[in-house]
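Reader: Please choose one part of this model and go through it closely, in one connected account. I would like the cut-off behind each term, since I will compare them with my own.

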Amino acid sequence: MAKNTGRRRTSGGPSSKPTRKPLWFRAIRSLMIWGLALALLGGLFLAAAVTFTMRELPDFNALKSSQNGQMIVVRARDGSELVSLGPSYGKWLGYDQIPHIMKDAMISVEDRRFRDHYGVDPIGIVRSVMVRYEAGRWKQGASTITQQLARNIFLNNARTFGRKAREMVLALALERKFSKDQILELYLNKVYFGGGAYGIDAASRKFFGHPATELSTGEAAIIAGLVKAPSNYSPTADVQASITRGKVVLGTMADNGVITQSEADNTDLTKVKLAKEKGQNSVRYFTDWALPQLDMLLPETNEPIEVWTTLDPRMQEAATAAIIANAPKGAQGALVSLDNDGAVLALVGGTDYVNSNYNRATNAQRQPGSAWKLFVYLAALEAGYTPSDPVVDEPVTIDGWSPHNAGRKYAGQIDIRSAFAYSKNTIAAQLGNEVGFGTVASMARRFGITTPINTQPAMVLGTSEVRLIDMTRAFAAVSAGGTSVEPYGITKVTKTDGEVLYQHKSVRGQVLVPHYVAAGITDLLQSAVATGTGRAAQIGRPVAGKTGTTSSNKDGWFLGFSSGVTTGVWMGRDDAKAVPGLSGGHAPARAFADFMKVAVAKRPVENFDTELQLPEWQLEPDDEYLQGNPDDYYYVDENGNLVHPGSGSGDDAPIYEDGTVGPGPGPGPAMVPDYGNPPAANDDFLDRATGRAPANDPGLRPGQGLAPKIVTPPAPGATRIPAPGATRTPVPVPNY
């Protein structure tokens with residue numbers, strides 16, 4: 001009988017099967033295990049990310065030199081700062097150079113546990129979430145100073161979880177790589193305080209006018225309060241808001257024990273002296289014109305630079321005041337002033353840059369009116385006229401166009417000087433017709449006019465639109481003795497350490513007209529101010545200039561020079577509507593005088609060179625007769641060839657300049673015919689030539705009642721031949 005080897009269980013013994021845990025317990029345990037595993041895995045990934053990021057971070061010196069944009073400091077002629085554009089970084093201050101009160105203020109208001117965390121503050125995060133729950137919105141941030149530094153240097157301000165995660169990783173990496181003192185130094189030198197100021201030194205200089213090393217408790221509180229919202233709490237934007245925020249900072253500092261409550265209460269922020277905001281209004285017209293030129297002067301760079309300019313702050317202030325004081329109500333005004341080498345001393349593009357930044361000095365194109373006569377008379381002087389030559393102011397019609405003078409009055413026979421001084425339109429029309437309207441246009445081009453020029457007869461009265469800076473340049477060329485002048489506004493560009501990136505080089509101007517032409521036009525311009533339409537521009541020393549007024553008083557101009565300074569003024573409305581009472585001889589001339597009294601006050605008085613040293617071809621026959629043998633005198637035929645007098649053959653035959661002998665007896669086409677003695681002028685001829693009233697109508701003033709002289713313009717390309725008996729010989733215009 002087989003044995004039964006199995007063990008019997010007693011009915012009351014314990015069961016060998018283990019007891020199962022409840023389901024909820026097993027679920028919690030699984031979550032904890034998985035959570036711990038994921039936490040460990042996340043920690044490993046985080047540690048790896050932080051370690052990798054730390055190794056990729058620049059070193060401390062590289063972070064010091066990194067900037068968030070190009071800073072451009074614009075300096076005036078005397079080296080003073082005109083305006084700072086782009087971010088301003090001030091002077092870098094080491095940790096030991098930063099005032100202790102500034103460090104305490106910043107830590108108190110931005111990160112009171114700065115010394116106790118490792119870049120991310122869990123306690124701060126919990127506190128921020130609780131405030132969010134109680135207030136129903138995000139009211140308190142949890143970013144540490146280290147996180148803000150990471151965001152300022154490496155990231156943007158996008159409100160996303162991805163950006164926040166990267167910010168935390170960077171903050172942890174920064175804390176591992178740098179000390180707390182280094183992080184605070186970087187932060188205080190890089191954080192944005194508004195108004196383009198990055199760092200406490202830039203902020204201190206902008207808002208208080210002194211370096212950050214001199215900050216007081218109240219000033220430190222105001223600066224520390226700006227970080228939260230620079231645009232809202234900036235002293236330049238809202239003084240009261242900055243004071244209110246500063247008081248909050250003082251209270252926080254007292255709560256943290258860095259100052260006593262008594263010190264907080266006794267710090268009167270209303271007595272903090274703010275720096276006077278620099279007058280950047282009209283200066284911006286100049287910088288808007290000058291700074292774009294950097295693209296052509298410099299290679300591409302993002303380094304901070306200093307731009308040294310030609311602008312004179314004293315003259316700029318005087319120019320702004322002159323335009324504001326004299327511009328008619330509802331009208332705009334502009335002014336450009338050039339030194340004798342083309343340096344822009346002052347430039348005003350409007351009455352108020354804040355209200356309108358349109359630069360009327362460099363961009364606006366307006367009709368110059370009679371100021372355009374500068375080019376008409378330059379062409380006439382180059383063609384052989386002199387300031388003393390007689391002309392007849394009378395009604396004239398050219399190709400169906402009949403110009404008239406102001407008041408429709410005519411003076412009869414006067415000289416060129418008087419015609420220019422009193423801006424006689426009929427004389428300008430006759431001169432333009434004689435020398436050629438294309439010649440006048442060419443002269444304007446020669447003197448720097450860049451806008452389109454029409455060649456219709458009315459162009460002599462300034463119907464082509466021009467820019468103020470171009471017209472001023474033309475008058476400056478006259479002041480320079482007929483030599484071209486190129487306006488410029490930048491003298492040099494340097495890095496912040498003084499390294500020169502660009503240096504302006506003076507270039508000798510090109511001769512535009514002979515010296516005697518420049519002397520002649522200067523004579524005319526001086527007469528226009530001394531006795532003519534520009535008398536309001538007198539300043540107690542020699543001034544040469546010209547007025548300009550367009551039809552219906554839409555534009556008023558005055559341009560002139562004295563003691564090496566050339567200034568142009570324009571006034572009018574942007575919509576080109578008429579301005580009652582506006583004329584070049586009034587408001588613009590007065591603005592010119594107001595400015596020039598300041599501009600030339602420290603310069604020696606200079607008399608103008610108006611002595612005409614005429615070339616040989618322009619000397620009158622009598623002058624040549626007195627200088628040599630009359631037998632040596634040569635005549636000029638209609639083709640411009642030199643001929644001996646005489647009409648016979650042999651010795652009496654004309655001999656040309658090339659040595660060939662002319663035709664035989666009889667007046668040939670190449671000879672100067674003998675006109676004999678001209679008949680005596682009758683009374684009617686003299687009346688018309690001099691503008692004298694006819695004897696049968698003594699009630700008329702000189703020049704009144706005359707029939708207009710019909711002048712036919714020459715065909716294009718035709719050669720002008722002087723009338724029989726004329727002593728003025730036309731010559732080709734030199735190509736300078």
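Author: Accessible areas come from the Shrake-Rupley method with a 1.4 Å probe, and for residues only the protein chains shown count as cover. On that basis the accessible surface of the protein chain is about 38,100 Å², and carbon and sulfur atoms hold 52% of it. The model is predicted, so local features need pLDDT of at least 70 and side-chain atom pairs pLDDT 80 or more, while totals for chains, interfaces and linings use all residues. Residues are numbered from 1 along each chain as its sequence is written, and side-chain values use heavy atoms, with hydrogens and water left out.

Some context comes before the close look. The protein chain has 24 helices and 16 strands; these are DSSP runs numbered from the N terminus, with helices being H or I of at least four residues and strands E of at least two. Of the 736 residues in the protein chain, 46% are buried, where buried means under 20% relative accessible area, exposed over 50%, and partly exposed in between (1.4 Å probe, protein chains only). A contact is a pair of heavy atoms within 4.5 Å. Among contacts in the protein chain between residues at least 6 apart in sequence, 68% join residues at least 24 apart.

The part chosen is an open sheet of five strands, in the order β5-β4-β13-β12-β11, with antiparallel pairing. Two strands count as paired if DSSP finds at least two bridges between them. The edges are held by β5 and β11 (544–549), each with a single partner strand, so one side of each has no neighbour in the sheet. From one strand to the next, the twist averages 5°; axes are lines fitted to C-alpha atoms, for helices over the stretch in contact, and angles run from 0 to 180 degrees between N-to-C directions.

At one edge, strand β4 (residues 332–338) pairs with β5 through four bridges in the antiparallel sense. L338 has V344 of β5 as its bridge partner. The two strands make a hairpin with five residues between them, and G342 in the turn has a positive phi of about 100°. Is the edge strand β5 enclosed or open, judged by its buried residues? Five of the five residues of β5 (residues 344–348) are buried, so the rest of the structure largely encloses this strand. An edge position in the sheet, with a single partner strand, therefore sits alongside complete burial by residue count in β5.

Further into the order, strands β12 (residues 555–562) and β13 (residues 565–572) run antiparallel and are joined by eight bridges. One pairing here is S562 with V565 of β13.

Two helices lie across these strands. Helix α20 (residues 468–479) crosses β4, β11, β12 and β13, and runs at about 30° to β12. Helix α22 (residues 587–599) lies across β4, β5, β12 and β13, at about 145° to β13.

The loop that follows β13 brings in charged side chains. A salt bridge is a side-chain nitrogen of Lys or Arg within 4 Å of a carboxyl oxygen of Asp or Glu, and the whole structure has 18 of them. In one, D574 pairs with R360, with the closest N and O atoms 2.8 Å apart. This pair links distant parts of the chain: D574 is in the loop between β13 and α22, R360 is in the loop between β5 and α16, and 214 residues separate them. The two ends differ in cover, since R360 is buried at 2% relative accessibility, whereas D574 is partly exposed at 47%.

D575 and R573 also meet through their side chains in a salt bridge, at 2.8 Å from N to O. Here D575 is partly exposed, with 40% relative accessibility, and R573 is partly exposed too, with a relative accessible area of 26%. A network of salt bridges links R77, D339 and R603.

For comparison, another salt bridge involves K495, found in strand β9 (residues 490–495). K495 pairs with E499, the closest N and O atoms being 3.2 Å apart. K495 is buried at 17% relative accessibility, while E499 is partly exposed at 40%. Beyond residues up to four places away in sequence, K495 touches E303, P304 and L501.
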